[in-house]
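Here is a short tour of a model, starting with one helix and moving out to the whole chain. Please keep the viewer open as you read.

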Amino acid sequence: MQVDEKSHLYKMNYVGNRYAEYQTLICTRKCHLTDAAERAIIMAENTNLRILLQLKGFVIVCVYMKKIEPFLLQVQKPAQYIGGEVGSVVKNVKNIDVRFAFCFPDTYEIGMSHLGMKILYHQINERPNYWCERVFAPCADFKAVLRCHQIPLYALESMDPIKGFDMIGFTLQYELSYTNILNMLDLAGIPLHAADRGENLKNLVFAGGPCVCNPEPLADFFDFFILGEREEVNLEMMDLYAEMKKRHTTRTEFLQAIAKIPGIYVPSCYNVQYHEDGTVQSIIPKSGVPQVVQKRINSDMDSVYYPKTFVVPFTEIVHDRAVSEVLRRCIRGCRFCQAGFLYRPFREKSPETIENECRRLCENTDYQELSLSSLSTSDHSRLEETLERLLPFTESHRVNLTLPSLRVDNFSKELMDRIQGVRKSSLTFAPEAGTQRLRDVINKNVTEEEIICTAKIAFSGGFHNVKLYFMMGLPTETEADIAGIIDLAEKLIKLHNCIPKEQRGKGSVQISISCATFVPKPFTPFQFEPQIDWETLQERQAYLISCIPQKHRRKIKVSWSDYQISFLEAVLVRGDRRLTSVIEQAWRQGSKFDSWSECFCYKNWKKAFEICKIDPAFYACRKRAYTEVFPWEHLDYLVDKSFFVRENQRAYAAQTMPHCREKCAGCGLNQKLGRNCFG
């Protein structure tokens, strides 16, 4: 017998070593009830952790694993380790055919903000015989507790160790989470290498997400990967597993069968050979599997699954709000942007669908903030109509509406008027490059006039803070392009000061410039390019600072990413299977949470490269020939390699291409789909 999670609240008062006073954590939990009890108060043995609960006619069984209960006071943000949030799904394990541990290889506050996890979690759990549970990477303090007391990594819904689960799925959102994957497998007691997991049809480890476009550096650790969008293929995969589990088939038999499902790549079914110079010679499939694995897509965004509710966390997370995914991909063809090519074709939801999803989510979660999410929200062909439908609801229910991913070239006064009552602190735009020449090289298709015009609209509407995102180290970049970044900031300051105070209101202008180091990525026209070296980047960073006039040092703030982090990302993103040993060695040296600057330790990676006798510059800083066989050559994301070659050549000629809605660029997508992308 189960109780609805909204029916019960208990308060946990706790004192930890790092807290000076009591704090209260309000928690809810779906719990199994005992038939014998009527009214009771359950008190934990630990004097610092008292759980008081009184219910009419029932006693709730303690929700914590007995082993972790005494240690929750010793760690920060203990709420991330106990589960039981409103919206989480608990089932009777006796009725379950397939148990699925959905693992996010980063902290709870990061993973719980990820939209893809929210979608797939609820979709799987709508099937009564499947149970999807959440697992996150424990922070250093709780990881130490697990290791010290030999507590295996567990899922939040059942608190059961994930080693007993059928399927263990990871989402790969960024390369610098790879060591966390190994750490989570090790904490769970699951062999790191797929070849060491035996023939038992259990603990199948797989992954999806954008990094799967080149999964080769992880090939030895995973049984299979899912390419593209997972709403349909996840259930196909689990249906096949449930069927073969009943027949007691082997792991090898299952992998051979699943390799035939479109969109699923089994690395053990492919042999890779290398030239003497270290480049890939060939990728040879074994019998019975496709030579090329093509990604999966959902053709109709209005009919694709979307949850009616989200799991609402107890503790603070990065993006704690309702989210509606309004479209996938964007219509642009920025030559550096991997997402713009991976998520083709462009698809958008209708205003009716968006409104219905937003209303349901806000009503079911009580969120007071709503975000319209996409790569480029302002590219939605019916955005004005969507806002007309949404704003009466958000205003009447006092829901804060945010519009991320706005484009400089289609930010209108009407759009600003729509959003300024909801969001008026700052606007963020991404010119990416400081001069028009370099913006043409990367096919940004944004002019300085459009940037100035957009800023004028924003300043006149009362905005004072502008955030500008740029990249350094782009192909063909010169000092003139670097100086152009500050020149643009200067023009924005002058523009702000020229607008009458009665229009722009009180407050001084603040320009925040963020410069990321360019990382060449697979499935982009710049996949052939080398990454800038450290010495050259330092020179350009120093030159950028020198270009800021003394009188504007307080109004122009500059920040940039850590080069070593960007360098490692460039290594992993275009790596091959030989990097599996490097990743494992770096983890054994102590690397975890590499995407967190306070945790990143390049010395561990440097030592790992030395032990494995691999030169990281071979992957990051080497120019590729157009004819080179890439490690991801056997994976098809529906865009022809010949198109990337043509676009790379256009880049060096500073030739732009119009966006896809205006004119087809000939990427090959429509031929593979058998239809036009638009129209």
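## Helix α8 and its surroundings

Helix α8 covers residues 351-365, and its end C-alpha atoms are 21 Å apart, which agrees with the 21 Å that its 15 residues should span at 1.5 Å a residue (the expected span is 1.5 Å times one less than the number of residues). This is a predicted model, in which local features need pLDDT of at least 70, side-chain atom pairs count only at pLDDT 80 or more, and totals for chains, interfaces and linings use all residues. Numbering runs from 1 along each chain as its sequence is written, and side-chain values use heavy atoms, leaving out hydrogens and water.

Among the buried residues of α8 are Ile354, Cys358, Leu361 and Cys362 (buried means under 20% relative accessible area, exposed over 50%, partly exposed in between, with a 1.4 Å probe and protein chains only). Here are the elements that the buried residues of α8 pack against:

| Element | Residues |
|---|---|
| β13 | 322-325 |
| β16 | 369-373 |
| α9 | 383-396 |

Just after α8 comes Asp366, with a positive phi near 65°.

Now for the cores. The largest nonpolar core holds 160 residues, and Trp605 is one of those with the most contacts inside it (such a core is a set of buried Ala, Val, Leu, Ile, Met, Phe, Trp, Tyr and Cys residues joined through side-chain atoms within 4.5 Å). Another core, of 27 residues, lies apart from it and includes Cys362, which is also a buried residue of α8.

Overall, 58% of the chain's 679 residues count as buried.

Terms used:
Helix = DSSP H or I, 4+ residues; strand = E, 2+ residues; numbered from the N terminus. Contact = heavy atoms within 4.5 Å.
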